[in-house]
Amino acid sequence: MKQEITLEKESQGLTFLKPLATLFKAKFEKDVVLKSFKKTGITLVSILLFLGLWHLGSKALYNKEATYKIEKALSEQGQEAADAERACIASGDSSCQPNTLPSPTQVWASFQSLIADHQLIKAKKEAFATKMAATNEKLIAQGKDAIIYTGRASFVDTVLTSIKTVFAGFLLALIIAVPIGIVIGLSPSLRSAFNWFIQIFKPVSPVVWYLLVFMIVKTLYIGASSDNAFVISFISVGLCAMWATLVNTAMGVASVDKDYINVAKVLKLGTFQKVFKVILPSSLPLIFTGLRITLSVAWMVLIAIELLAQSPGLGLFVWEEFQNGANDSNAKIIVAMFVIGIIGFLLDRLMLMVQQMVSFNKNEGI
Amino acid sequence: MNSATIDTKDSYLENGIYYPSKVMLDLKDLKKVYPTPKGDYVVLENLNLQIMKEEFVTIIGHSGCGKTTMLSMIAGLNPISGGNISVLGNPVKGPGPDRGVIFQSPSLMPWMTALQNVLLGVNQVFPHATKKQRIDIAKYYLHKVGLDGAFNKKATELSQGMQQRVGIARAFAIKPKVLLLDEPFGMLDSLTRGELQDILIEIWNKEKITAVMITHDVDEAIFLADRVVMMTSGPKAKIGDVLNIDFERPRTRKSVLEHQDYYKYRKHLIDFLEH
């Protein structure tokens, strides 16, 4: 029984893995296994149901669009054209396929082709690197910049760019919001001085933040040759997402348990001691709740901001595929949708784990 | 010595010898007013009380009569509306480590261990001691309250009773002149309550700190106190009656219960409260 308790503690925040973990346990307990099978079973059934509904839905949409195409050909060009169109659609030729919601199998195929594409680009990059190795060594020896591969980014590269951007933005939000939150939490007069500021800027849309950051960064970067899309997008993401942390930190600091404050008063702790030994530790759980919201907001707004900033991440990928309108573009967009969702989910779990670590019940000494 | 002269004078000369005051805590014409939309609400008025050095005083009275208000005013956590409070002749202007407080809830910092909680105060009061000395002080008092095995346990891992033991250790470890206790055992079950009373009185016997304790429990009030102060019901509460408890110290629960005067004292207090 003790084993199971520790197991529960370890998998905090990753409870969705619990059924698996239970399965791998050396000592099988019958009802535990049964229970976890039931839990996993329900999840599996719901996933299958979802895929089934999706498949039927996409099939219906496909048929509707196909019928429309054939009827259009019939009314505009006559029977012969309509027959040709029908034959073309039935043959699966990509030139005349209805453009609608892709089916699960199409999405899976797109996912595989994106991975294959990534392998291809990776190979190309490596070939380029070995080819240029000698030249680059010379260039570096001369104090010049090395020549780097500037070809198209693969899907995996865009995902990595997005993750990099979201963490840079998150870090920026943390650096700005936590100290300001602490300061305004400590002082009621500063709190009222900042309140209008927070209330007005909190609801501003990511697009507008992007434009604001763009105005400023563009001017700062005048004359610089480097690409500022990354800088613009991570600053916009940070500014957009920091409000939850700011508000939560201020609230946490302002609402420290009166008993703790009384203890600090009776012991005559100095301001420094009071802030770092009493107020901050007691508001840590709320600060981390804020940071968790900030990270999920950052990931959500990132897509829109990357699109606007032309930063080569998932946002731009989705937009370019939409503009592209190739046969498998829709499927690729759905792949991106799932990847975005899964990464967002994992980021949230990560923050939940950190949050549970700092909660009073089990954290190590501060 | 003539006790009548001692009680009233701050300090005095007798036969050419200077005797410092025996009064530790002096409450003079104390008043507390809370402004409300309907006009001022007077909680305490004309409250006069002197508490001697090394005296253990318990305060008893109906809920809401202003006992806690009075205690938090002595602690300096609640501003005084009229009159004054002085500790050894110095007026109270705010909270300070010369007056240790044990709150009704243990009020431990949940992110700290038992030892860290006690050290928080010790570090503040003995800034010039070495780290080892300070840890030794903290450990000594944790040992005194029977928490030898729990130095490094987080406050949240301790039971309510054990948390309040840490609260007692924390209060004694800062070596206050006056110890203020605001119904410290009110939230505990009666068994734990008895244990903690024994621990409290054992440490107090050793340290002889002036103690003022609020309680609702008549038996507790008699067992612990040299004097039981009864407060009238509010508004405008003041001292209604004072009862001297003349049991010998150190006391045991058994000897107190078997003492011939016990039920006399008990009846006195209950008569006052039921009045």
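**Briefing: chains A and B**

Chain A and chain B bury about 1900 Å² between them, 67% of it on carbon and sulfur atoms; buried area is the accessible area (1.4 Å probe) that two parts lose on being put together, summed over both. This is a predicted model, in which local features need pLDDT of at least 70 and side-chain atom pairs count only at pLDDT 80 or more, while totals for chains, interfaces and linings use all residues. Residues are numbered from 1 along each chain as its sequence is written, chains are lettered from A in the order in which they are written, and side-chain values use heavy atoms, without hydrogens and water.

**Interface**
- Chain A gives 21 residues to the contact and chain B gives 21 residues, where contact means heavy atoms within 4.5 Å.
- Zero salt bridges are found across the interface of chain A and chain B (a side-chain nitrogen of Lys or Arg within 4 Å of a carboxyl oxygen of Asp or Glu).
- On the side of chain A that touches chain B, α10 (258-266) and α11 of chain A each supply at least two residues; helices are DSSP runs of H or I, at least four residues, numbered from the N terminus.
- The largest share of that side, six residues, comes from α10(A).

**Helix α11 of chain A**
- Helix α11 (residues 271-309) of chain A has 39 residues, and its end C-alpha atoms are only 44 Å apart, short of the 57 Å of a straight helix at 1.5 Å a residue (1.5 Å times one less than the number of residues).
- At L284(A), α11(A) bends by about 50 degrees, and a proline, P285(A), follows within four residues; the bend is the angle between axes fitted to the seven residues ending there and the seven starting there.
- Q310(A), with a positive phi near 55 degrees, follows α11(A).
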